[in-house]
Amino acid sequence: MIDLATLPEAANRLAGADWQLCVTPADAWTTPADLKADADWVPAQVPGTAAAALEAAGRFSREAPTPLHDKDVWYRCRIAPSKPGTHVLRCDGLATVCEAWIGDAPLLTSDSMYQPLQVEFDLDGPAELVFCFRALTPHFARKGPRARWRTRLADEPGLRMVRTTLLGHMPGWCPSVHAVGPWRGMTLAARSDVLLHDLSVRTALSENGTGRLTVSLRPGDGLAPGARIACAGIEAPLAEQADGKLAATLDLPGIEPWWPHTHGAPALHDVRLACEGREVLLARTGFRRIEVDRGPDGNGFALLVNGVPVFCRGAVWTSADICALPGTVDAYRPWLELARDGHMNMLRIGGTMAPESPAFFELCDELGILVWQDLPFANFDYPASDPDFAAKVARETSDLLGSTSASPSLAVVCGGSEMHQQGAMMGLPEERWRGALTGEILPGAAGSARPDVPYVPNSPSGGAMPFSPNAGIAHYYGVGAYRRPLEDARRANVRFAGECLAFSNVPEPGAVSELAPCHHPDWKRGVPRDRDVGWDFEDVRDHYVRELYGTDPLDLRYGDPASYLDHGRAAVAEVMEATFAEWRRKGSGCGGALVWTFQDLMPGAGWGVVGSDGTPKSAWHGLRRAFAPLRLTVTDEGTNGLDIHLQNDRPVVQTLRVEIACLREGQMPVASGAKVMEMPAHGSESLPATELIGAFFDTTYAFRFGPPSHDCVHVRLLDPETDMLLDEAFHFPLGRRASARGAKIEVETVALPDGGWCLKLSSDRIAQSVSIRDEAFLALDNWFHLAPGHVKTVTLRRRPGAAADARPQGVVLPLGGQPVPYAAG
């Protein structure tokens, strides 16, 4: 979105400016007059952070960060106007307590990382622009209304009084990299070149498919009379309103709607300003309708997009780079394309993180990814009774959400993370932890800025206790940190998980973090833990290794560290697939779930399903299968047998053939069957396995009439016309360990017509959790089970940085088996 638009030929006077940065002790200099000629200045990027600039200069390490919040950080650059006169400076984010000058004249002050500022000043010739980002440490001691509870999440209680991100202040999982500097965009333009200010682009979609576009703006000096707004072949004039703004409304019958990519096409439409024979692109927007479905009991939470139920699945976003906190399309694209390629249709920006720039939302618009936006509040009891604080956070919210006004991807606005939970877990009554901040101030500001987006007061919230998973929004760690059995995913009756399934996810072999032994301090530094507890999330992963494979992870770690890591990789992929199979099945009351977290903030076995270097982990591959729009899963229903579940999120009817084979010794079919069925668009179905077999067969080995006849059930989903495999599912009635029998795998490397490569894999029997390892190529499917009697094709993608003439060469390794080498001829 553009908030300050200029004439197309008018340059941003700060683009390419030679910024410099200097770090001093707190209060060493008061004004630019105190700057020392021999001070130690280094080059800096704007927008950017002090940490990123110092890192580029070799003076900061994200692995061993030095504190920045106890120092002053100065920025300066020389500017020269193209013409004299009044200029407009806009700063989209200054972290955090900041003063600025033009020459020696004070220009602005800021005390919020999240509040954009705009000032006008006269500029008749070259001048120096100076910013000082003051040390935050003195502000942490500022007194405010007494806190009703305290949190151990953050290392500094005074953060509740300062409007800055908690990133860098959460020991146990986040490196101590402090956010300092002009972290968001900065523009400078002559006022005579300014076309408009305060642009708002709002859309709506009626049930009959008519879109409504409303555009409002405050005209700048460069906007001539008679301007019009155009979209989808329809135009309307901008008319003056009572508040001095200009506005236009367009009705667009039959407009192509916007969908999350799992359910349709994320259609976008250009919104243009036509004036004096020229056109300016104001925004690209989409038309969609979002509603909340609370379910028949009123306790649920699910989203309807354009009237269609959408199971929201994805992860909690952290940051594209903990040092730089970038806000550009180029920085976001590799990460968001990984989310899209992993069939994620929602990302949540948590209250502990830093809000992302409009470019994040614009790219999510393009890729069809819904965004759950926590407002930047988490765990603390904030001083909402302070009128100045209340007014400040209301302005922040209006500006943050207003900058996304054209984005159809914004799907939920939430008052923050775990404030309700924190108070309730301290034993406080509801009236103490539920208050004006999330109940009045934030929803009021959010409703004015984005009336098309549902608001929820907190994540989690909604149950008998705000963290109860059977009502509203949960942070569900029954399967995960609390080491509950996989069946707890159903028993807990999760309605919507704003976060869930946190594991210490092992990066792929070859990652830097694996160079240290897997219990070395360098390794453990990358393993997340809750503060002041006697366990970490590697212990959680080890628990499920023991449960799934019947082996002691301690023995594996002692005797075979590589196998220990592989069992951990396999376990998290299996647990995540099984949990989402439960939540996505027909009859489940779950409306969605988001895994904690999407990407790591530092190298190591962190919560991220993608490593900090952008490489997907085993968890990403498991989730990619679990999240597929056309999905086949199975669940063990005990004496009710094995149930087969189908989901078709696509907007078209699908004719499918479902096949089942029950295998003895992972190889020999002892019962089989098939059925052709029609799956409705945006539909789901469930059926018992015996419907395919045509007679009773103890698929789950629940009745135990004699010795088991099989140790694996393999179910396939195919296109009945082409026999193309669309999906497959596996069940191990005797456990995974009983089905591990030394499969013999054959690998063929195949060159594709487009210059790419793939592997064709086959096996004589079931091979569990097969991984593909290639230094130059990334397998787009990995950590999968390989069934006998069929050929599985896996596409390879060249890794970033790999040589253009590199050819596939690596190994295929079944869990607990021997590696099978391959190489392109």
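A polar contact is a pair of N or O atoms within 3.5 Å. With that in mind, T700 makes a good starting point in this predicted model: a polar atom of its side chain sits 2.9 Å from the backbone oxygen of G638. T700 itself belongs to the loop that runs between α15 (690–693) and β35 (712–718). Despite being in a loop, T700 counts as buried, because its relative accessibility is 5% and the cut-off for buried is under 20%. Setting aside neighbours within four places in sequence, T700 is in contact with D636, E637, G638, G641, L642, H731 and P733. G638 thus turns up twice, as a contact of T700 and as the owner of that backbone oxygen.

The loop that holds T700 also has an exposed side to its story. F696 is placed between α15 and β35 too, but at 55% relative accessibility F696 counts as exposed, since the bar for exposed is over 50%. Together with F703 and F705, F696 makes up a nonpolar patch on the surface. The accessible area of the three phenylalanines together comes to about 370 Å².

Another buried loop residue is E356, found between β23 (346–349) and α4 (358–367). At 7% relative accessibility, E356 is on the buried side of the cut-off. The side chain of E356 joins that of W317 in a polar contact of 2.8 Å. Not counting residues up to four places away in sequence, E356 touches R184, W317, T318, S319, P326, Y332, I349 and F361. W317 is therefore both a polar partner and one of the residues on the contact list, while Y332 on that list leads on to the aromatic rings.

In total, the structure holds 30 aromatic pairs. One of them brings together Y332 and F360, whose ring centres are 5.2 Å apart; the planes meet at 80°, so the pair is edge-to-face. This pair ties together distant parts of the chain, with Y332 in helix α3, F360 in helix α4 and the two positions 28 residues apart. Both Y332 and F360 are buried. A further edge-to-face pair is formed by W596 and W607, at 5.8 Å from centre to centre and with 70° between the planes. W596 and W607 are eleven residues apart, and each lies in the loop between β29 (592–595) and α14 (618–626). W596 is buried, with a relative accessible area of 8%, and W607 is buried as well, at 7%.

The two tryptophans don't stand alone, though: ring pairs link W173, W535, F537, W596 and W607 into a cluster. Within this cluster, W535 comes from the loop between α10 (521–524) and α11 (537–549). With a relative accessible area of 27%, W535 is partly exposed. Leaving out residues up to four places away in sequence, W535 touches A481, R529, D530 and V540. As for longer distances, the C-alpha atoms of W535 and G614 are separated by 27 Å, with the two residues 79 apart along the chain.

A few backbone details round out the picture, starting with cis peptide bonds. One joins V46 and P47, with omega at about 0°. P47 sits in the loop between β3 (42–44) and α1 (50–56). Another cis bond runs from A95 to T96, and here omega is near 5°. T96, too, is a loop residue, placed between β5 (85–91) and β6 (98–102).

Positive phi angles also show up in residues other than glycine. D27 has a phi of about 65° and is not a glycine. The loop between β2 (19–25) and β3 is where D27 is found, and at 57% relative accessibility D27 counts as exposed. H343 is a further case, with a positive phi near 60°. H343 lies in the loop that runs from α3 (329–341) to β23.

Note on methods. Residues numbered from 1 in each chain as written. Heavy atoms only, no water. Helix = DSSP H or I, 4+ residues; strand = E, 2+ residues; numbered from the N terminus. Buried < 20%, exposed > 50% of the residue type's maximum accessible area, 1.4 Å probe, protein only. Polar contact = N/O pair within 3.5 Å; in protein donor to acceptor, adjacent residues only side chain to side chain. Contact = heavy atoms within 4.5 Å. Patch = residues over 30% accessible without salt bridge, like charges linked within 9 Å, V, L, I, M, F, W, Y side chains within 5 Å. Areas by Shrake-Rupley, 256 points an atom, 1.4 Å probe, with all protein chains shown as cover. Salt bridge = Lys/Arg side-chain N within 4 Å of Asp/Glu carboxyl O. Phe/Tyr/Trp six-rings, centres within 6.5 Å; stacked < 30°, edge-to-face > 60°.
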